[in-house]
Amino acid sequence: MNLRMPRSKYGAPWPARPATRFWTATLLLALFPGAVQAQMTAPPDQPAGQSGSSTTAAKTANSKSKEPSDKARRNAVKLYIASSKLFLAGKFEDAMRGYEHAAALDPTNANYRLASGIARSHAVTALVQAAAKDKLLGESEAARAALKHALELDPQNVAVTQHLFELGDISGLDTDRPVYRNATETIGGPVRLAPTPGVRSFHIRGIERQVVQQVFKSYGLEALLDDSVGTQMVRLDLGDATFRETMRAVGLLTNTFYVPIDEHRVLVARDTTPNRQKFTRQALETVYLSGLTPSELTEVSSLAKNVFDVSISSPNPTANTLTLRAPPATLQAFNGTMRDLLDGHSEILLDVRLIQIAHSSTSNTGLELPQTITAFNVFAEEESILNANQALVQQIISSGLAAPGDTLAILGILLASGQISSGLFSNGFALFGGGLTESGLSPSPTTINLNVNSSDSRELDDIQLRLEDGEQGTLRLGSRYPIMTSSFSSLSPSVPNIPGLTGVGASGSLNSLLAQLSAVPPVPQVQYQDLGLTLKTTPNVMRNGNIVLTVDLTLDALAGPSLNGVPVLNNRAYSGVVTIPDGTAAVVASELDRQESRALSGTPGLSEIPGMSDLSGIEMQKNFATLVIVITPHVVRGTQAAGHSPMFRIVPGTSPR
C-alpha cells in the first residue's frame, strides 16, 4: 500500500487536516483485519501477510523474518489500535513510536511500518510549520530547536535540512557582524592554545626556566624557552588557579610572556619591548568601511596609526577598504572601537506642542449725565431765526398761512416744515422770566451706555522633530517682514548734456526716450526679518537614559512706529537647559502681552461719591496673550540598547579582556 501525502513548496509534507487524519486512520484500520486474517490463515510454507501474487523479493524478505507468536500478534494489534487513536488526536510522535513497537512485535505485517512512516511524516511536518511560525515571530532559538528535533525524527529529510540552512542565514543577519571580515580566519587564523581544562595548585621552588616549563607541562603544553629567560631562583605558591590566572602569575613572577606556536606548544621569552616586536605574531586584516568619504577614510587610517599603534595602515579609497597589520589583540580593540563609532548616534523624537491663548474684552457701561447747559434769550433767538429765513417767512405770509405780526405762528410753521433746525429744539429747554427778558436753558443730551465686546482665541500646533543626539533643531512660526536697508539707481535724474552721447540732436522721439531713461525709479535693497516664534532645541542622551534638552526661545514682533523708515522690533528671548527622563514633558510658559485700561466719564464731584461712580460711564479694556510650549522627548533609536559597554584601558603588551 502506498499513500502519498501532499507536500509544500519546500518539499516537506503539509500537516494533515483533522478530516484527512481521520480518513487515513480509518483506511489503516480497514486494511488491518484483512492483513491479520491473511497472517492467521497462511499455510506453513507461506509467511503470514504474504499473498500469492507477491513478488519474489517480498517472499525472500518474509522467509528470512521470524514468525511472531500469537501473543505478540495480539499485542501488536492492540498497539496499532491505540496508536491510531493517538494519530487521530494529533499526537504523531507517540503514534509513531506505537507503530514502531507494533512492527517490532510483528515484523511480518508491512502495514505497521507503513503507518509508522505516515506518522513520522506528519510529525516532521508539524515541527517544520512550528519552526516557520517561530521564525516569523523572531524566535530563532525555538525554530532551530524544532528543526533539530525534526531532523532527529527523519535524518534523511532534505526539506528539514534546507530549512536549517535558511535559518542559519537569517540568524547570521541578526547577530552583530564585525566591521571587517577577517580573511585570515579561513586561510590560517590566529593560533589558539588548547590547555587541559580545570584548576591547578602549585608549590614550586626552582630556577625560572624550570618553573615555567613545569607550569606549562601541568596544563598539557610544551614550553620552548628563549635564551632571554632568566635563571634566578623563584618560588610559586598558587592554589586552585585557572590557566589564565596561572599564566598571569607566572608572567609577573618571571617577567616573561608567551606566544602560541600551535595548540600544544608555546614560545616563552623575557617581557621586553624588542622581544615583543620580535616574537609577537602579526595579523593582516582588511577593514571594509563602505559609505565613508576619502577624507574620512584617511582619518580612520590616522586613528589606527596614532591611537592603536598599528605598524601598517594602508587605505584604499577606490574600494573603501583599510588594510591593517598588527597583533590580533590590537586589531580586536580597533574593531570594537570602529563598531561603536560607525553604529551612529542615538535618535530622539521631540513631540512639540505650542498652545497660544488670547483674550480681548471691551466694555462701556453706565449713565452719562449732561455735561453742558446752554442759556439763551427767547426774543433774540426768534429774531435770529426769522432774519435767517426771510424768504420762507415771505412765502408763509403771502400764502395766507399766518398774519404778518404773528411771530409764534410763523415759527411753528417753519419748525413743522423742517426747513430749519437747532440744537435748542432737539435737546429741549426750560423757560423762565417774561417779556423781552424771557430766557431759556437747554442741557446737553443724557446717554446710557450698555456695550460689551469680548473675544477669545486658542491655537494649537502639534509638531514632531526627529533629531540625532547632539543635533540642533530649529522651529519657526510666523511671517517674514521685508525691511529696506538701502536703495540703488543706475541713472541720475539730472543727466548732463553731452553732445553725441546724451544729446541726440533734433530727433524728438529720441529725446523723449532719453527722458524716460532718466526717470528710472531707485531699486530698493530688502532684507527679510523673521517675525514670530523661533524655537531651537538640542537633545543629548546621557548614560543613565535621561535626556538633556537645551532650549532657546525667541519672540520677535513689530514694536509700532518706525525710525527713519526702519521698523523697530520688539524682542523677547529665553534660554535654558533641563534634564528629564525619557517620555517626560518639559513645559515653557510665556506671558506674551497683558494690557488693562479703565476710563470713567461723569459729572465732577457726583461721580466720585461712593455708589454713584457705578452709575457713571465706565469704559474698560482687557487684553492678554499666553504661550505654552510642551516638549516631550522620546528615544526612538539607542546605540546602547543593552547598556553602555564598560570602559577599559589597554596596557601595552597585554590583551583587552
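Colleague: At roughly what angle do the axes of helix α12 and helix α13 cross?

Modeller: Happy to start there, with the reminder that this is a predicted model. Helix α12 covers residues 294-306 and helix α13 residues 328-342, and their axes come within 12 Å. The angle at which the two axes cross is roughly 145°.

Colleague: Which residues of α12 and α13 make the contact, and what is the hand of the crossing?

Modeller: From α13, the contact takes in F334, M338 and L341. On the α12 side, V300, L303 and A304 make the contact. As for the hand, the crossing of α12 and α13 is right-handed.

Colleague: Let's turn to the rings. How many aromatic pairs does a search of the whole structure find, and what is the geometry of F216 and F243?

Modeller: Searching the whole structure gives 9 aromatic pairs. For F216 and F243, the ring centres are 6.5 Å apart and the planes stand at 70°. An angle over 60 degrees counts as edge-to-face, so the geometry of F216 and F243 is edge-to-face.

Colleague: How many residues apart in sequence are the parts that the pair of F216 and F243 ties together?

Modeller: F216 belongs to helix α9 (residues 208-218), while F243 belongs to helix α10 (residues 243-254). Both F216 and F243 are buried. Because the two rings lie in these two helices, the pair ties together parts whose separation in sequence is 27 residues.

Colleague: F216 and Y258 also form an aromatic pair. Is Y258 buried, partly exposed or exposed?

Modeller: The pair of F216 and Y258 is edge-to-face, at 5.7 Å centre to centre with 75° between the planes. Since F216 is in helix α9 and Y258 in strand β4 (residues 256-260), this pair ties together parts 42 residues apart in sequence. F216 has a relative accessible area of 2% and is therefore buried. Y258 has 32% relative accessibility, so Y258 counts as partly exposed.

Colleague: Which residues form one aromatic cluster with F216?

Modeller: F243 and Y258, which pair with F216, are both in the cluster. The full cluster with F216 also holds two further names, giving F202, Y219, F243 and Y258.

Colleague: Which residue has its charged end over the ring of F257?

Modeller: The charged end in question is 4.3 Å from the centre of the F257 ring. The residue is R276.

Colleague: Finally, which element has the lowest mean pLDDT?

Modeller: The protein averages a pLDDT of 76, and 75% of the residues score at least 70. Over residues 30-65, pLDDT stays under 50. Strand β5 (residues 265-270) has the highest mean among the elements, 92, and the lowest, 42, belongs to helix α2 (residues 56-64).

Definitions and conventions: Residues are numbered from 1 along each chain as its sequence is written. This is a predicted model: local features need pLDDT of at least 70, side-chain atom pairs count only at pLDDT 80 or more; totals for chains, interfaces and linings use all residues. Side-chain values use heavy atoms; hydrogens and water are left out. pLDDT is the predictor's confidence in each residue, from 0 to 100. Helices (H or I, at least four residues) and strands (E, at least two) are DSSP runs, numbered from the N terminus. Contact means heavy atoms within 4.5 Å. Rings of Phe, Tyr and Trp (its six-membered ring) pair if their centres lie within 6.5 Å; planes under 30 degrees apart count as stacked, over 60 as edge-to-face and the rest as tilted. Buried means under 20% relative accessible area, exposed over 50%, partly exposed in between (1.4 Å probe, protein chains only). A charge sits over a ring if NZ of Lys or CZ of Arg is within 6 Å of the ring centre and within 35 degrees of the ring normal. Axes are lines fitted to C-alpha atoms, for helices over the stretch in contact, and angles run from 0 to 180 degrees between N-to-C directions. A crossing is left-handed if the near helix is turned anticlockwise from the far one by less than a right angle, and right-handed if clockwise.
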